[in-house]
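Please load the model in the viewer and keep the selection panel at hand. The stops below are arranged so that each selection leads to the next.

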Amino acid sequence: MRVVVAGSSGLIGTALVSSLRGDGHDVVRLVRRSSAGPDESRWDPQKDRLDTGILVDADAVVNLCGVGIGDKRWTGAYKQLIRDSRIAATDVLAEAVAEAGVPVFVNASAVGYYGDTGDRVVDETSPSGTGFLADTCRDWEAATAPADDSKIRTVRLRSGIVLSPHGGLLGRLKTLYSFGLGGRLGNGRQYLSWISLEDEVDAIKFVLSRDDVAGPVNVTGPAPVTNAQFNGAVARTMHRPAPWIVPGFALSALVGEFAQEGILAGQRAIPTVLENAGFRFRHNTIGEALDAALVR
C-alpha cells in the first residue's frame, strides 16, 4: 500500500510509520518543515496548504494530528490549540481525500468522546458525553464529513491511553514509581481505557486492511481498569510501593481544569468493533501491557 501519514512524529505516528515500512508499505509523511526527501511532503493545515498531488496514488490517509491533551495547563489559549490542532488538520485532509478519491481515511479521535462514564460500560454505539473533551472529540469526528459524504471508507479511532515507556502517560509516571512516589489519584474509582502501543499500531494496520470496518472504532484494550487498579498494577510490575493518595483538590490546584476531565474522570470503553471484526490483541490485560512496556 501507499499510505500518507499526518502526525507521524508523535508517539503513535513514529511507531506506525516504522511498522508500515517494515511490512514493505510505501509511506509518505506530512511534515510542517521543509521536506527532507521524497518520502516527506510539507503541509500547513492552519493555512489550508497541502500538495494534493501526493494523494493521487495513495491507498490510504492516516491522520494522527493533535497536541498533547495534558502537556500544558488548560488556559483558554491552550484549549483552543487542542481543538485547532485536531479539527483544522482533519478539515483539510477530509476535503483533500474526498477530492482525490482516496479509498480509505483513518482519522484519530479518543474515548474522551464519551465524557465521564463512571462505571458504565460504553462501546461504539454509545452517545457522546459532555465536557470540553467530549465536545472536542465530537467536533473532531464531525470534521471527517467530507470524506464520509464522498463514500470514502472513513474510520474514526477512539483511542484510549496508549502505554509505552517512551512517552505518554506511562513515560511520565515510570520515574515517579521508580522512586516509590506512585499512588492513587482522587478516589481511584475512575476508569482508564488503556491500550499497549503495539496493539494501537496493530489496530490501525488492521482497519487499513479491512474493507468491512468503518465509522467509530474504540482502540482500547478489552479490559479497562480503575485508577486504583492501574496504580496497583504499575507498582507490582515495577516492584515498588505506591502507597500515596493524591486528593482531587490537590490535583486541581496543581494542573487546573485538566484534572477534572483528564484525571479524575474516565471512560470504561470496550473495543466491540475490533473484537467483532476478529482483531486479536497481543495484550489482553493491564498486567500484560505493563509487562511488555516496562519489563520486556
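The coordinates belong to a predicted model. The tour begins at a single residue, Thr136, which is located in helix H3.

**Stop 1: Thr136**

Select Thr136 and display its surroundings. Is this residue buried or exposed? Thr136 has a relative accessibility of 3% and is therefore classed as buried, the cut-off for that class being under 20%. Once neighbours within four places in sequence are set aside, the contacts of Thr136 are Ile82, Arg83, Arg86 and Ile87.

**Stop 2: helices H2 and H3**

Next, select residues 76-100, which form helix H2, together with residues 132-142, which form helix H3. The two helices pack with their axes 9 Å apart and at an angle of about 15 degrees. H2 is therefore roughly parallel to H3, since angles under 35 degrees fall in that class. Viewed as a crossing, the pair H2 and H3 is right-handed.

Which residues form the contact of H2 with H3? Show side chains for Lys79, Ile82, Arg83, Arg86, Ile87 and Thr90 on the H2 side, and for Phe132, Asp135, Thr136, Asp139 and Trp140 on the H3 side. Coloured by residue class, this contact comprises 5 charged, 4 nonpolar and 2 polar residues.

**Stop 3: the annotated spans**

Now colour residues 3-212, which an unreviewed UniProt entry annotates as "domain: NAD-dependent epimerase/dehydratase". Within this span, 37% is helix and 23% is strand. A distance drawn between the end C-alpha atoms of residues 3-212 comes to 19 Å.

Apply a second colour to residues 246-292, where the unreviewed UniProt entry places the feature "domain: DUF1731". Here the chain is 55% helix and 6% strand, and the end C-alpha atoms of the span are 27 Å apart.

**Stop 4: Ile270**

Finally, centre the view on Ile270, which occupies the loop between strand E16 (268-269) and helix H10 (272-276). How accessible is Ile270? Its relative accessibility is 25%, so Ile270 counts as partly exposed.

Extend the selection to the contacts of Ile270, leaving out residues up to four places away in sequence. Ile270 touches Val121, Val122, Asp123 and Glu124, among others. The contacts of Ile270 also include Asn218, Thr220, Pro222 and Pro224. To close, draw a distance from the C-alpha atom of Ile270 to that of Val219: the two atoms are separated by 8.2 Å, although the residues are 51 residues apart along the chain.

Key:
Residues are numbered from 1 along each chain as its sequence is written. This is a predicted model: local features need pLDDT of at least 70, side-chain atom pairs count only at pLDDT 80 or more; totals for chains, interfaces and linings use all residues. Side-chain values use heavy atoms; hydrogens and water are left out. Axes are lines fitted to C-alpha atoms, for helices over the stretch in contact, and angles run from 0 to 180 degrees between N-to-C directions. Helices (H or I, at least four residues) and strands (E, at least two) are DSSP runs, numbered from the N terminus. Angles under 35 degrees count as roughly parallel, over 145 as roughly antiparallel, 65 to 115 as roughly perpendicular and the rest as oblique. A crossing is left-handed if the near helix is turned anticlockwise from the far one by less than a right angle, and right-handed if clockwise. Contact means heavy atoms within 4.5 Å. Ala, Val, Leu, Ile, Met, Phe, Trp, Tyr, Cys and Pro count as nonpolar, Asp, Glu, Lys and Arg as charged, and the others, Gly among them, as polar. Buried means under 20% relative accessible area, exposed over 50%, partly exposed in between (1.4 Å probe, protein chains only). UniProt positions are given in the numbering used here, feature names are shortened, and annotations may be inferred rather than shown by experiment.
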